[in-house]
Amino acid sequence: MDARYKVKRRISVEIGGAKHGLRTSTSSPPGFAIFDSRTKQNLTEFYSSQADAERECDRLNKET
C-alpha cells in the first residue's frame, strides 16, 4: 500500500511588486512540504531541508 504522506519540493512563488517604477520582486524561500494523498493537499508546515521533511513524513506515516 502507498504511504499517505509524501515529501514534495515547494514551488517558488514570486512575491513583491513595483515600487516607484522599479521592480522589487523576490521569490519565496525554497524548501520542502509534505503532501497528504488522502486529502490531496499540502500540509501547512514547510521544511528547509529534505532530510527534516522526510523525518516528519516517516513519523506521520507511522501514526496512520
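These are my notes on a sheet, a helix, a core and one arginine in a predicted model.

**Entry 1: the sheet**

I began with the strand order. The sheet is open and has 3 strands in the order 1-6-7, with antiparallel pairing. I then looked for the edges: strand 1 and strand 7 (41-47) stand there, and each has a single partner strand, so one side of each lacks a neighbour in the sheet. I noted the twist as well; neighbouring strands are turned by 30° against each other on average, direction ignored.

Next I looked up how strand 6 is joined to strand 7. Strand 6 covers residues 32-36, and 4 bridges link it to strand 7, the two running antiparallel. I picked out F35, whose bridge partner in strand 7 is N42.

**Entry 2: the helix on the sheet**

I asked which strands helix 1 touches. Helix 1 (residues 50-63) packs on the sheet and touches strand 1, strand 6 and strand 7. I recorded its direction against that of strand 1 as about 160°.

I followed one residue, A53. Leaving out residues up to four places away in sequence, A53 touches V7, F32, I34 and Y47.

**Entry 3: the core**

I listed the largest nonpolar core. It has 7 residues in all: Y5, F32, I34, Y47, A53, C57 and L60. Strand 6 and helix 1 each supply at least two residues of this core. Helix 1 gives the most, with 3 residues. A53, a member of this core, touches three other members that I had already noted, F32, I34 and Y47.

**Entry 4: R4**

I turned to R4, which lies in the segment before strand 1 (5-9). Is R4 buried or exposed? I found a relative accessibility of 19%; R4 therefore counts as buried, because the cut-off for buried is under 20%.

I then looked for a partner for its side chain. The side chains of R4 and D36 are joined by a polar contact of 2.7 Å. D36 also appears among the residues that R4 touches, along with F35, S37, R38, T39, N61 and T64, when residues up to four places away in sequence are not counted. F35 is the residue I had noted earlier as the bridge partner of N42.

Last, I checked the separation of R4 and T39. They are 35 residues apart in sequence, and their C-alpha atoms are 9.4 Å apart in space.

Notes
Residues are numbered from 1 along each chain as its sequence is written. This is a predicted model: local features need pLDDT of at least 70, side-chain atom pairs count only at pLDDT 80 or more; totals for chains, interfaces and linings use all residues. Side-chain values use heavy atoms; hydrogens and water are left out. Helices (H or I, at least four residues) and strands (E, at least two) are DSSP runs, numbered from the N terminus. Buried means under 20% relative accessible area, exposed over 50%, partly exposed in between (1.4 Å probe, protein chains only). A polar contact is a pair of N or O atoms within 3.5 Å; within protein, one must be able to donate a hydrogen and the other to accept it, and residues adjacent in sequence count only if both atoms are side-chain atoms. Contact means heavy atoms within 4.5 Å. Two strands pair if DSSP finds at least two bridges between them. Axes are lines fitted to C-alpha atoms, for helices over the stretch in contact, and angles run from 0 to 180 degrees between N-to-C directions. A nonpolar core is a set of buried Ala, Val, Leu, Ile, Met, Phe, Trp, Tyr and Cys residues joined through side-chain atoms within 4.5 Å.
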